[in-house]
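Let's take a walk through this structure together. Please have the sequence and the 3D view at hand as you read.

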Amino acid sequence: MKIKAKVKNNITKVKMLIKHAMETGRRKDQDGNVIPGLYITEVSASHNSQPVFFAEVGPAVSKDPYIAFSFKGGVAGDKIVITWVDSSGSTETGEAVIK
Amino acid sequence: MKVNRRSFLGGLFKSVVCIATATSLPRMVYAAWNEKAFKAETLEGALKSKYPGLEVIDSTAIKLKAPAIAENGAVVPVSVKTDLPSVKTISLFVEKNPSPLAATFHITPLNVADISIRIRMGETSNLIAVVESNGKLHRVQQEVKVTIGGCGG
Amino acid sequence: MGLVKLTLKIRSGVRLAGLLMLSCIAIADSGNKSALDFRAMVEQDINDFQAFFKKRFPQVEFSEYKNGVYAIDAASREQWLEMEDFPPYEFAIDDGENLFEKPFANGKSYADCFDNNGEGIRQNYPYFDSKKGEVITLELAINNCREANGEKPLAYKRGALANLSAYMASTSTGNVLAIQVPDEAAYQAYSDGKKFFYSKRGQLNFSCADCHMRVAGQKLRADITSPALGHPTGFPVYRAKWEEVGTLHRRYAGCNTNIRAKPLPAQGRVYRNLEYFQSVMSRGLEINGPSSRK
Amino acid sequence: MNKLRVFFIALNMAFLLSNSLYATADINSILDDARISVEKAAAKGFEWTTTRKLIKDAEKALAAGDKDKSLQLAKAALNEAEKSLVQASYAETHWRAGIPL
């Protein structure tokens, strides 16, 4: 996961790029077998342990999902923690410092 | 229009990544994934599952930014922004996708109602952004053309 | 030195110089090339090629041609800028960097094979290796490095090799292409690439120039075709269609398939010569790979 | 009258039989020509993506006993293979005509 967070005029813009295949469950492999669905379902973010973002997503989100959101109150140097969960229950947490 | 990527990347923070188990995550106070809404196969079905009993009104107070012609349906950049008061959620629907609901963003008073995401569109379709504000659903929509059979420039 | 002077004179010359060029081409065709002829002809080719695009798209800055179709199509440019804001190929660059820094079994590394430890050198490729008598592309050089160190070569179109190439390009952002044609053998390779570029092939009977010069900027099927000037600068690219990073030769193969011509092998002599010709034509443009494409 | 009719029917059948025998040989010889030409085009780097598929389809149709279809496909394959060879030799001599300068 890659995270970029930048504060400007008291608004912190957070952009993330998550490495994930986002398999829809509708694609077929070379032999014609359906590739089972495997996609991120939830993405959440916290700032100083305070939740600042929560999204439910489905298989219509592109491979290697990109999501951006903004929140108020972040200060340069603060930590942003982002976690995702996918349909198999796998999860990853990444963090970045606000610039 | 000039972006010097090297300096841009130079300013990027290296994100520290670790793999945790689902059980060790701090439980968020939000609702869990709305399976019924995400698996609905029609726009109406998805809307009803996501927002049961809410009235839908067309709005001019939402700024939906999406391409008129998508370069590639696999990656369609979409942004939604609104100044509507007390925004609770923002949802994106692609009418002709096999499952129309693409994403729901939960907006807290800490957030600015301004989100961006890249989504898939299987074919030319209406893209609908719905903003839940003050107990009503405010809607804006736009057609996004998806062309197939090009040679890719 | 005298040669350079003369070349410059011809470049700044008027119509008469153009006529001289024509007679040079005639001489070259009869197999009577001299050192002067091929250098002057390459210069003339570059000038003509770049002038063609200046005339076709007078409003487009020369430096913009590194951006492919996005230099000339405002609507798709906007979506491209959104992609470039946080591009999916950043993962490929990271992967490439890790691969690049991992030593081989013999303890040596990629850095040992390249000038400046492999940093900021993308613009020097492809070059003509006069000893070997062939064009060396960056991807070929990477595999040559591996084999010289007892490692197996990597596949040329995608995956590890594309990611290594992406990383090496990323350290070269802004460096300017200035590919030379140093001798007559190089000129032969250049000419082969040029001939490929202008030859019609495939069931659709199109040449590279048909789509990327004649109708560049116009709709061909569902897409606007990119200008040929600047084609090599942004590679490897993350294509939305591929959903991953791929090399220039993978793109060549795709292009050939589009016109229903059977693709030639990636990193075979033909595609390497084509890349050589295209890179010479793009002289003066900045390296900005990897980049994203539709 | 009757004898004459029988004779004509027999003649007709013989003609049909020989025609179909001739067709199989003909198709195979067309296919051989197509195969040789497509290899030549490939060696020059001018093979089309569609030609070998036509040959394959012609072989399939022939194996299935559909000679009309097979003949058509074989002719199309040969036509393509020959055209790609013409394209290759035209490129060899006339590629400069493709320079839009």
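The paragraphs below go from a sheet to charged pairs, then to aromatic rings and a helix.

Before we set off, please keep in mind that this is a predicted model. A good place to begin is the sheet. Six strands, or 6 as you may count them on screen, form an open sheet in the order β1(A)-β2(A)-β5(A)-β8(B)-β5(B)-β3(B). The pairing in this sheet is antiparallel. Which strands stand at the edges? They are β1 of chain A, residues 2-8, and β3 of chain B, residues 62-65. Each of these has a single partner strand, so one side of each is left without a neighbour in the sheet. Going from one strand to the next, the twist averages 10°.

Let's stay with the chain A end of the sheet for a moment. Strand β1(A) runs antiparallel to β2 of chain A, residues 11-17, and 7 bridges join the two. If you would like a landmark for this pairing, find Lys8(A), which stands opposite Ile11(A) in β2(A). As a reminder, strands of a sheet pair through backbone hydrogen bonds, either parallel or antiparallel.

Now to the charged side chains. Side chains of opposite charge can pair when their charged atoms come close. Over all chains, the structure holds 35 salt bridges. One of them takes us back to the edge strand: Glu90(C) and Lys4(A) meet through their side chains, with 3.3 Å from N to O. Glu90(C) belongs to helix α5 of chain C, residues 90-101, while Lys4(A) belongs to strand β1 of chain A, so this salt bridge joins two chains. Are these two residues buried or exposed? Glu90(C) is buried, at a relative accessible area of 4%, and Lys4(A) is buried as well, at 10%. The pair also has company, as Lys2(A), Lys4(A), Glu90(C) and Asp94(C) are linked in a network of salt bridges.

Another salt bridge brings together Lys50(B) and Glu56(A), whose closest N and O atoms are 3.1 Å apart. Here Lys50(B) sits in helix α3 of chain B, residues 43-50, and Glu56(A) in strand β4 of chain A, residues 50-57, so this pair too joins two chains. Lys50(B) is buried, with a relative accessible area of 12%. Glu56(A) is also buried, with a value of 1%.

For a salt bridge within one chain, turn to Asp58(B) and Arg139(B), where the side chains meet at 2.9 Å, N to O. Asp58(B) lies in strand β2 of chain B, residues 56-58, and Arg139(B) in strand β10 of chain B, residues 136-146, so the pair ties together parts that are 81 residues apart in sequence. How accessible are the two partners? Asp58(B) counts as exposed at 59% relative accessibility, and Arg139(B) counts as partly exposed at 25%.

Positive charges meet aromatic rings here, too. The charged end of Arg118(B) sits over the ring of Tyr66(A), at 4.1 Å from the ring centre. Within chain C, the charged end of Arg250(C) sits over the ring of Trp242(C), 4.0 Å from its centre.

That leads us to the rings themselves. A pair of aromatic rings is described by the distance of the centres and the angle of the planes. The count over all chains comes to 26 aromatic pairs. In one of them, the rings of Phe52(C) and Phe53(C) have centres 5.1 Å apart and planes at 80°, so the pair is edge-to-face. Both Phe52(C) and Phe53(C) are buried. The rings of Phe197(C) and Phe277(C) have centres 5.4 Å apart and planes at 55°, so that pair is tilted. Phe197(C) lies in helix α8 of chain C, residues 184-198, and Phe277(C) in helix α11 of chain C, residues 269-281, so the pair ties together parts that are 80 residues apart in sequence. Phe197(C) counts as buried at 1% relative accessibility, and Phe277(C) is buried with a relative accessible area of 1%. Ring pairs link these residues into a cluster whose members include Phe38(C), Phe52(C), Phe53(C), Tyr65(C), Phe197(C) and Phe277(C).

Our last stop is α11(C), the helix that holds Phe277(C). It has 13 residues and reaches 18 Å from its first C-alpha to its last, close to the 18 Å expected at 1.5 Å a residue. Helix α11(C) is mostly covered, with 11 of its 13 residues buried. Among them are Tyr271(C), Leu274(C), Phe277(C) and Met281(C).

Technical notes. Residues numbered from 1 in each chain as written. Chains lettered and ligands numbered in written order. Predicted model: local features only at pLDDT ≥ 70, side-chain atom pairs only at ≥ 80, totals over all residues. Heavy atoms only, no water. Pairing = 2+ DSSP bridges. Helix = DSSP H or I, 4+ residues; strand = E, 2+ residues; numbered from the N terminus. Axes fitted to C-alpha atoms, helices over the stretch in contact; angles between N-to-C directions. Salt bridge = Lys/Arg side-chain N within 4 Å of Asp/Glu carboxyl O. Buried < 20%, exposed > 50% of the residue type's maximum accessible area, 1.4 Å probe, protein only. Phe/Tyr/Trp six-rings, centres within 6.5 Å; stacked < 30°, edge-to-face > 60°. Lys NZ or Arg CZ within 6 Å of the ring centre and 35° of its normal. Expected span 1.5 Å × (residues − 1).
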